[in-house]
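Morning, everyone. I have one structure to walk you through, and I'll keep it brisk. Please look at the screen.

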Amino acid sequence: MTLRFMIAFCLALLVLPAIPTLAADTDARVAVPSRDIARGEIIADSDLVYGTAQASQMRAGTITSVAELSGMQARRYLRAGELVMATDVRKPIVVTKGETVTMTFEAPGISLTATGRALSEGGIGETVTVINPVSFRQVMATVIGPATVRADAAVPLNAKSVRTAQMQN
């Protein structure tokens, strides 16, 4: 090592702590509850305000906008003024486990509907498992409304019918 390099290195070590770190000193604008919100409650725009949080306090998955929180359902008790994580909220449940649902299946030139029983719960856009009470076949379906699902595939989920289909091929 040369003497010049050692002097430059030592000066850099002396000056470096004096440079403020941007991440530690910046404040971020985040959406926080304006009141305590109970588990299962639907969050409205009036329940939210903007606050500031230090960037060092924010973790991955922190919700920052009112639009992301509005209309969501609280998975846990949310305290007023505290940061809300994406895992703390979910889309409101419109299909509950054990509920009778209307299944639809559409393909070019054909549209089928049948009733089924939901084996899991879900919100709009989420996937649930539905069983046909007549054939006892399980089908994956996407929730499209209250007590209404759209079958994603014509392939049933139960193992017996899958084995039969494999043996025929």
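I'll go through the cores, then the rings, then two backbone angles.

One caution at the start: this is a predicted model.

Let's begin inside. Which residues make up the largest nonpolar core? There are 12 in all. From the front of the list, we have Ala 31, Ile 37, Ile 43 and Leu 48. Then come Ile 63, Val 66, Leu 69 and Met 72. Ala 74, Leu 78, Val 84 and Val 89 complete the set.

Take Ile 63 from that core. What does Ile 63 touch, leaving out residues up to four places away in sequence? Its contacts include core members Ala 31, Leu 69, Val 84 and Val 89. Ile 63 also touches Val 30, Glu 68, Met 85 and Ala 86.

Another core, of nine residues, lies apart from the largest one. Met 103, Val 130, Ala 141 and Val 143 are among its members.

Now the rings. How many aromatic pairs does a search of the whole structure find? Zero. But look at Tyr 50: Arg 29 lies over its face, 3.7 Å from the ring centre.

Last topic, the backbone. Most residues other than glycine have a negative phi. Two residues here go the other way.

Phe 136 has a positive phi, near 60 degrees. Find it in the loop between strand S9 (127-131) and strand S10 (138-145). Is Phe 136 buried or exposed? Exposed, with a relative accessible area of 55%.

Ala 147 has a positive phi too, about 55 degrees. Ala 147 is in the loop between S10 and strand S11 (148-151).

That's my tour. Over to you.

Methods
Residues numbered from 1 in each chain as written. Predicted model: local features only at pLDDT ≥ 70, side-chain atom pairs only at ≥ 80, totals over all residues. Heavy atoms only, no water. Core = buried A, V, L, I, M, F, W, Y, C linked by side-chain atoms within 4.5 Å. Buried < 20%, exposed > 50% of the residue type's maximum accessible area, 1.4 Å probe, protein only. Contact = heavy atoms within 4.5 Å. Helix = DSSP H or I, 4+ residues; strand = E, 2+ residues; numbered from the N terminus. Phe/Tyr/Trp six-rings, centres within 6.5 Å; stacked < 30°, edge-to-face > 60°. Lys NZ or Arg CZ within 6 Å of the ring centre and 35° of its normal.
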